[in-house]
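Subject: Structure handover

Hello,

Here is the structure I promised to pass on. My notes follow below it.

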Amino acid sequence: MPHSPPTPQPHGESMAQATLFEKILAGEIPGELVYEDAQCAAFRDINPAAPTHILLVPRKPIPRLADAGEEDVGLLGHLMVIAPKIAAAEGFGDAFRVVVNNGADAGQSVFHLHLHIIAGRPLKWPPG
Ligand code: 5GP
């Protein structure tokens with residue numbers, strides 16, 4: 001579904017537009033949440049690539065992995081610790097894949113950093 005373009009702000013002020021995933025985390029757009037804490041939340045992908053396909057999203061709207069800085073080390077580590085717990089809660093603690101697409105040419109379509117957690121079918125290597 002297309003999302004509306006940014007609305008111009010009065011007096012030339014720029015106000016950051018909430019990302020799609022911020023809106024899902026805020027409950028403004030429906031999403032099937034499976035996990036949340038103070039730093040991140042996870043919900044099912046609307047177009048799953050496997051029986052389990054969950055997006056783990058930091059509440060901080062870092063656009064791409066390449067935009068993360070030293071100040072984000074703890075947050076990124078937290079995501080990597082939580083991802084296996086989510087896979088395990090889905091029943092796939094021993095066989096899951098975590099993917100981050102960085103940049104449009106690598107398949108990124110939502111510019112709010114997210115980890116894809118994919119499981120529930122044989123996962124070939126290398127991925128396409
Ligand atoms: P990317 O292509 O940026 O790595 O991943 C974005 C993911 O977000 C895609 O797998 C896509 O299916 C998913 N997605 C896009 N829009 C929505 C939405 O409105 N709701 C949910 N739950 N997932 C979405």
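A word on classes before the ligand shell: Ala, Val, Leu, Ile, Met, Phe, Trp, Tyr, Cys and Pro count as nonpolar, Asp, Glu, Lys and Arg as charged, and the others, Gly among them, as polar. On that basis, the shell around the ligand has seven nonpolar, seven polar and two charged residues. Please keep in mind that this is a predicted model.

**Ligand**

The ligand has 16 residues around it. Those that come nearest are Asp-45, Asn-101, Gly-107, Ser-109 and His-116. Three polar approaches to ligand oxygen stand on my list:

- Asp-45: a polar side-chain atom lies 2.4 Å from an oxygen atom of the ligand.
- Asn-101: an N or O atom of the side chain is 2.8 Å from a ligand oxygen.
- Gly-107: here a polar backbone atom is involved, at 2.7 Å from an oxygen atom of the ligand.

How much of the ligand does the protein bury? Taken alone, the ligand exposes 520 Å², and the protein buries 84% of that. Two elements give two or more residues to the shell: helix H1 (20–25) and strand S2 (40–44). H1 gives the most, with three residues.

**Aromatic pair**

H1 and S2 turn up again here. The structure holds one aromatic pair. The ring centres of Phe-21 and Phe-43 are 5.3 Å apart and the planes are at 70 degrees, so the pair is edge-to-face; the cut-off for that class is over 60 degrees. Phe-21 lies in helix H1 and Phe-43 in strand S2, so the pair ties together parts that are 22 residues apart in sequence.

**Second largest pocket**

This pocket holds about 230 Å³ of space. Its lining includes Asn-101 and Gly-107, both also among the residues that come nearest to the ligand. Arg-97, Arg-121 and Lys-124 line the pocket too. By class, the lining has six nonpolar, three polar and three charged residues.

**Cis peptide**

Most peptide bonds are trans. Trp-125 and Pro-126, however, are joined by a cis peptide bond, with omega about 0 degrees. Pro-126 is found in the segment after strand S5 (115–119).

Best wishes

Notes
Residues numbered from 1 in each chain as written. Predicted model: local features only at pLDDT ≥ 70, side-chain atom pairs only at ≥ 80, totals over all residues. Heavy atoms only, no water. Near = heavy atom within 4 Å. Polar contact = N/O pair within 3.5 Å; in protein donor to acceptor, adjacent residues only side chain to side chain. Areas by Shrake-Rupley, 256 points an atom, 1.4 Å probe, with all protein chains shown as cover. Helix = DSSP H or I, 4+ residues; strand = E, 2+ residues; numbered from the N terminus. 1 Å grid on protein atoms, 1.4 Å probe; cavity = no way out; pocket = protein on both sides within 12 Å on 5 of 7 lines; lining within 4 Å. Points joined across faces, edges and corners; volume = space filled by probe spheres on them. Phe/Tyr/Trp six-rings, centres within 6.5 Å; stacked < 30°, edge-to-face > 60°.
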